[in-house]
Amino acid sequence: MKKLLVYLKSYIAESVLAPLFKLLEATFELIVPLVIASIIDVGIANNDKSYVLGRTGILVVLALIGMVAAITAQYFAAKAATGFGTKLRHSLYAKIQSLSFSDIDGLGTSSLITRMTNDINQIQNGVNLVLRLLLRSPLIVLGAMGMAFFIDVKCALIFLGAIVLLSIVVFSIMAYTIPQHKRIQAKLDSVTLITRENLSGARVIRAFTDEENEIKEFTKRNNALSKLQKSVGKISALLNPVTYIIINIAIVVLVHAGGLRVNSGDLTQGEVIALYNYMSQILVELIKLANLIITVTKAFASADRINHVFEQENTLEHNDNQSRSDAYVEFRNVSLVYNNASDKTLDDISFKADKGDIVGIIGGTGSGKSSLVSLIPHFYDATQGCVYVDGRDVKSVDYETLKDKVGFVQQKAVLFKGTVRDNMKWGRSDATDEEIITALKQAQIYDIIADKGGLDFMINQNGNNLSGGQKQRLSVARALVRRPDILVLDDSSSALDYATEARLREEIYSLDYNPTVFIVSQRASSVMAADKILVLEDGECVGQGTHKQLLESCDVYKEIYSSQFSKEDE
């Protein structure tokens with residue numbers, strides 16, 4: 001938690017003023033029992049109405065000052081806590097954006113969503129309560145005990161015993177609940193994961209009529225979360241009743257002992273009432289303190305989870321490798337093993353591509369096609385070997401420089417809520433409408449967009465108001481707007497019919513700035529015209545050459561080609 005307090009630096013004044021005003025409020029509250037005692041011992045005992053009215057006026061003034069102080073403290077505490085939460089959320093989001101694909105895979109998307117939302121809210125609530133109660137409650141408790149010693153030492157020992165017992169109970173419960181709250185947040189990650197999957201995959205679930213199984217799985221995870229929350233809640237819930245029991249027993253003992261000392265003349269009736277009021281104040285503040293401790297334990301558990309993200313360093317390797325390649329893109333003995341995977345996804349891949357080459361990559365599902373092209377923009381580190389772009393090892397190239405060179409269209413088309421123009425400017429923020437229209441035409445999507453309202457057509461979240469083929473073509477257009485030196489199309493035309501795909505491919509082959517193009521596909525027709533075709537099987541390159549060469553030398557390619565073209569003929 002200490003590491004996160006740096007985000008309170010901009011709110012130092014509010015963080016100081018909030019507890020100070022709470023201390024002011026608490027100080028006035030501690031005076032109230034003494035005023036009441038004087039009313040009883042002087043005003044009522046002597047039947048002095050003017051004295052009673054005067055002291056009553058003092059009580060009203062104390063109440064008004066206390067109320068103003070409480071409202072002011074609440075304002076400063078809320079301002080500091082909200083600002084703290086905002087800065088922390090911005091910083092965490094920036095940190096997540098800086099992580100590599102491999103790091104995000106390891107942390108888990110659903111877990112990161114929970115940390116960005118629920119965990120930060122827990123910490124923000126904790127900061128708010130700490131600023132309001134951390135100094136006030138102990139001051140009331142210790143101040144009330146001090147005033148008790150001032151009034152009568154023997155009765156004050158009852159206060160001391162009650163506070164010691166309560167401290168034992170509070171810290172015992174706290175020691176148990178802190179680790180349990182970490183487990184609760186982990187269970188919440190699991191519930192968030194299945195919720196996210198079910199919402200994004202609702203159509204697939206219904207297509208396979210698997211709603212019942214998903215409901216059962218959600219219920220199972222939700223019940224596990226509920227069971228853990230209940231078990232922790234039962235322990236936490238002991239704080240209030242145990243506090244009530246200890247304090248009320250202490251009040252009974254106090255009233256009994258006070259009565260005896262009044263009879264003996266050691267105490268006045270007003271002093272006994274004052275002691276009773278101080279004990280009542282302790283009761284109220286300890287209940288508040290119990291709630292504060294529960295909130296703070298949750299905040300500490302959440303802070304550990306957020307710190308874990310901040311401590312996660314970007315694991316992508318960077319070096320100053322000075323070795324060069326005479327090709328524009330080269331894979332030199334490249335192998336890849338994903339984190340926590342036992343087998344190689346890619347094994348000893350080597351090939352070269354010159355500026356302007358069209359490279360086709362084909363193979364069955366799981367052969368490593370997407371993994372291979374993801375190494376070009378350095379999304380992942382090659383476990384062995386080197387990947388060269390523009391003659392340099394990608395690990396030695398500045399991220400921004402490499403990003404500007406590569407236009408990447410992933411398998412799954414991802415669009416953002418906003419206009420077509422907004423989505424296209426992800427490719428290049430300063431792109432003009434003419435450049436966007438040109439890219440849309442090249443991607444074979446302009447006519448459709450023009451019919452829908454042009455560049456101002458509003459795209460729904462995830463492009464839900466577009467077909468799969470339309471989303472793919474918009475993704476291709478977004479990459480073309482950038483005019484990248486290297487264009488990677490990772491199975492980005494799978495939803496297109498053959499005629500549309502052929503027109504799209506023809507436009508890409510005839511781009512005037514002559515980029516190096518990588519086309520990943522399971523269709524032989526998509527890569528037949530490429531200058532070089534790589535055939536992958538189980539992570540190995542089993543064939544490399546032109547379409548004609550591979551038909552003669554590569555059985556895997558020949559099998560893919562024969563199976564697909566025989567189906568087309570049928």
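User: Let me start with a single residue: is cysteine 155 buried or exposed?

Analyst: Happy to help, and keep in mind that this is a predicted model. Cysteine 155 counts as buried because its relative accessibility is 1%; the cut-off for buried is under 20%.

User: And cysteine 386, buried or exposed?

Analyst: Cysteine 386 counts as buried too, because its relative accessibility of 18% falls under the 20% limit.

User: How do I read disulfides, and how many are there here?

Analyst: The general idea first: a disulfide is a covalent bond between the sulfur atoms of two cysteines. In this model the count comes to 0 disulfides.

User: Why does cysteine 386 have no bond to cysteine 541?

Analyst: Look at the distance between the sulfurs. Cysteine 541 holds the closest cysteine sulfur to that of cysteine 386, but the two are 18 Å apart, so they are too far for a bond. The pair would have to lie within 2.5 Å to count.

User: Now the interior. What should I look for in a nonpolar core, and which residues have the most contacts inside the largest one?

Analyst: In soluble globular proteins, nonpolar side chains tend to be buried together. Here the largest nonpolar core has 43 residues, and Val420, Leu440, Leu474 and Tyr557 are those with the most contacts inside it. Helix α16, residues 468–481, gives the most to this core, with 6 residues. Apart from this core lies another of 41 residues, including Ala37, Ile158, Ile247 and Ile287.

User: Which residues does tyrosine 557 touch?

Analyst: Leaving out residues up to four places away in sequence, tyrosine 557 touches Ile362, Ala524, Val527, Met528, Ile533, Val535, His547, Leu550 and Leu551.

User: Let's move to empty space. How many cavities of 30 Å³ or more does the structure hold?

Analyst: Rolling a probe the size of a water molecule over the atoms shows where empty space is left. The structure holds 3 cavities of 30 Å³ or more. The largest cavity has a volume of about 100 Å³, and the second largest has about 40 Å³.

User: Which residues line the largest cavity?

Analyst: The lining of the largest cavity consists of Leu489, Ser492, Ser493, Glu501, Leu504, Arg505, Ile508, Ile519, Val520 and Ser526. Two elements, α17 (498–509) and β10 (516–521), give two or more residues to this lining, and α17 provides the largest share, 4 residues. By class, the lining of the largest cavity has 5 nonpolar, 3 polar and 2 charged residues.

User: And what lines the second largest cavity?

Analyst: Around the second largest cavity you will find Leu375, His378, Tyr380, Asp381, Ala382, Val387, Val394 and Lys395. That lining has 5 nonpolar, 1 polar and 2 charged residues.

User: How about pockets? Which residues lie nearest the centre of the second largest pocket?

Analyst: Leu134, Leu289, Leu292, Ile293 and Val296 lie nearest its centre, out of 25 lining residues. The second largest pocket has a volume of about 560 Å³. Helices α4 (109–133), α5 (136–151), α6 (153–200) and α10 (269–311) each supply at least two residues of the lining, with the largest share, 7 residues, coming from α10. By class, the lining of this pocket has 23 nonpolar, 2 polar and no charged residues.

User: Which value of phi should I notice at asparagine 333?

Analyst: Phi of asparagine 333 is near 50°, a positive value in a residue other than glycine. Asparagine 333 sits in strand β1, residues 329–336, and is partly exposed, with a relative accessible area of 42%. Aspartate 390 also deserves a look: its phi is near 55°, again a positive value in a residue other than glycine. Aspartate 390 is in the loop between β4 (384–389) and β5 (392–393) and is partly exposed, with a relative accessible area of 34%.

User: One last residue: where is serine 370?

Analyst: Serine 370 is in helix α11, residues 369–374. Because its relative accessibility is 23%, serine 370 counts as partly exposed. Beyond its neighbours within four places in sequence, serine 370 is in contact with Gln411 and Asp490. Serine 370 and glutamine 410 are 40 residues apart in sequence, while their C-alpha atoms are 8.4 Å apart in space.

Methods. Residues are numbered from 1 along each chain as its sequence is written. This is a predicted model: local features need pLDDT of at least 70, side-chain atom pairs count only at pLDDT 80 or more; totals for chains, interfaces and linings use all residues. Side-chain values use heavy atoms; hydrogens and water are left out. A nonpolar core is a set of buried Ala, Val, Leu, Ile, Met, Phe, Trp, Tyr and Cys residues joined through side-chain atoms within 4.5 Å. Buried means under 20% relative accessible area, exposed over 50%, partly exposed in between (1.4 Å probe, protein chains only). Contact means heavy atoms within 4.5 Å. On a 1 Å grid over the protein atoms alone, a cavity is a set of points where a 1.4 Å probe fits but cannot get out, and a pocket is an open set with protein on both sides within 12 Å along at least five of seven lines; lining residues have an atom within 4 Å of a point. Grid points are joined across faces, edges and corners, and a volume is the space filled by probe spheres set on the points. Ala, Val, Leu, Ile, Met, Phe, Trp, Tyr, Cys and Pro count as nonpolar, Asp, Glu, Lys and Arg as charged, and the others, Gly among them, as polar.
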